[in-house]
Amino acid sequence: MPARRRISALRLIQRIKQYEIDGFAARMAVIRSEQADIQAELRRLQGLIETDGHVTSPETAPYLAGFLRAVEARRGFLNERLKTLEAKAAEIEAQLLGTYREAKTNEAVLDNSLEQQRQHDDRQQLAETEEIARNVYLRQRKR
C-alpha cells in the first residue's frame with residue numbers, strides 16, 4: 001500500500017478508535033450517574049430509618065415493622081442494582097482499555113509512518129536540489 005494511502009487509512013482508524021473511546025466514556029458516565037443516584041437514595045433511606053425508625057407514639061407501633069421491612073427491601077433492591085451497574089462498569093472499562101491500547105498502537109504506527117514519509121519527502125527534495133545544482137554546475141562549466 002502506498003505510504004500516503006496507508007497514512008490516510010491509519011488516520012481513519014484513529015478517528016474510529018477515538019469515536020469508540022468517546023462512546024465508552026459516555027456509557028460510563030451514565031452508569032456513574034446512576035450509581036450516584038442510587039447512593040443518594042441509600043443515604044436518604046438511612047436517614048429515614050434514623051428519623052422514623054422508632055416508635056414515637058402507640059398509634060405508629062403496628063406500622064413500624066412494615067415500614068422497616070419496606071425500607072430494607074428497597075435497600076436490598078438498590079444494592080443489587082449497584083452490583084449490576086458495577087459489573088457493567090467493569091465490562092465497559094475492559095472494553096475501553098482494549099480500545100485505548102489499540103488506539104495507542106495505531107497512533108505509534110501512524111507516527112512512524114508519518115516520520116518515514118517525512119524522511120522520504122526530505123530525501124526526494126534533497127535529490128531534486130542536488131539535480132538542480134548539478135545542472136547549474138554543468139551549464140557553467142560548458143561556458
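**Entry 1: glutamine 117**

I looked up glutamine 117 and found it in helix α2; helices are DSSP runs of H or I of at least four residues, strands are runs of E of at least two, and both are numbered from the N terminus. The model I consulted is predicted, so that local features need pLDDT of at least 70 and side-chain atom pairs count only at pLDDT 80 or more, while totals for chains, interfaces and linings use all residues. I number residues from 1 along each chain as its sequence is written, and the side-chain values use heavy atoms, with hydrogens and water left out.

Is glutamine 117 buried or exposed? I noted a relative accessibility of 9%, and glutamine 117 therefore counts as buried. Buried means under 20% relative accessible area, exposed over 50%, and partly exposed in between, with a 1.4 Å probe and protein chains only. Not counting residues up to four places away in sequence, glutamine 117 touches Ala3, Arg4 and Ile7; contact means heavy atoms within 4.5 Å.

**Entry 2: the pairing of α1 and α2**

I then examined how the two helices are placed. The axes of α1 and α2 come within 7 Å and cross at roughly 160 degrees. Here axes are lines fitted to C-alpha atoms, for helices over the stretch in contact, and angles run from 0 to 180 degrees between N-to-C directions. The crossing angle makes α1 roughly antiparallel to α2. Angles over 145 degrees count as roughly antiparallel, under 35 as roughly parallel, 65 to 115 as roughly perpendicular, and the rest as oblique.

I recorded the crossing of α1 and α2 as left-handed. That term applies if the near helix is turned anticlockwise from the far one by less than a right angle; clockwise gives right-handed. The residues in the contact of α1 with α2 divide into 28 nonpolar, eleven polar and 20 charged. Ala, Val, Leu, Ile, Met, Phe, Trp, Tyr, Cys and Pro count as nonpolar, Asp, Glu, Lys and Arg as charged, and the others, Gly among them, as polar.

**Entry 3: the largest nonpolar core**

Which residues have the most contacts inside the largest nonpolar core? I listed Ile31, Ile38, Leu42, Leu78 and Ile92, in a core of 13 residues. Such a core is a set of buried Ala, Val, Leu, Ile, Met, Phe, Trp, Tyr and Cys residues joined through side-chain atoms within 4.5 Å. The elements giving two or more residues to this core are α1 (3–52) and α2 (61–142). Helix α1 gives the most, with seven residues.

I followed leucine 78 further and placed it in helix α2. Leucine 78 is buried, at a relative accessible area of 4%. Beyond four places in sequence, leucine 78 touches Ile38, Glu41, Leu42 and Leu45. Leucine 78 and glutamate 41 are 37 residues apart in sequence, and I noted 8.4 Å between their C-alpha atoms.

**Entry 4: isoleucine 21**

I located isoleucine 21 in helix α1. Its relative accessible area is 13%, so isoleucine 21 is buried. Leaving aside neighbours within four places in sequence, isoleucine 21 is in contact with Leu96, Thr99, Tyr100 and Ala103. From isoleucine 21 to tyrosine 100 I noted 6.9 Å, C-alpha to C-alpha, across 79 residues of sequence.

**Entry 5: two partly exposed residues**

I checked asparagine 79, which is found in helix α2. Asparagine 79 counts as partly exposed because its relative accessibility is 35%. Asparagine 79 and glutamine 46 are 33 residues apart in sequence and 13 Å apart in space, C-alpha to C-alpha.

I closed with leucine 126, in helix α2. Leucine 126 is partly exposed, with a relative accessible area of 48%. Its C-alpha atom is 31 Å from that of leucine 12, and the two residues are 114 apart in sequence.
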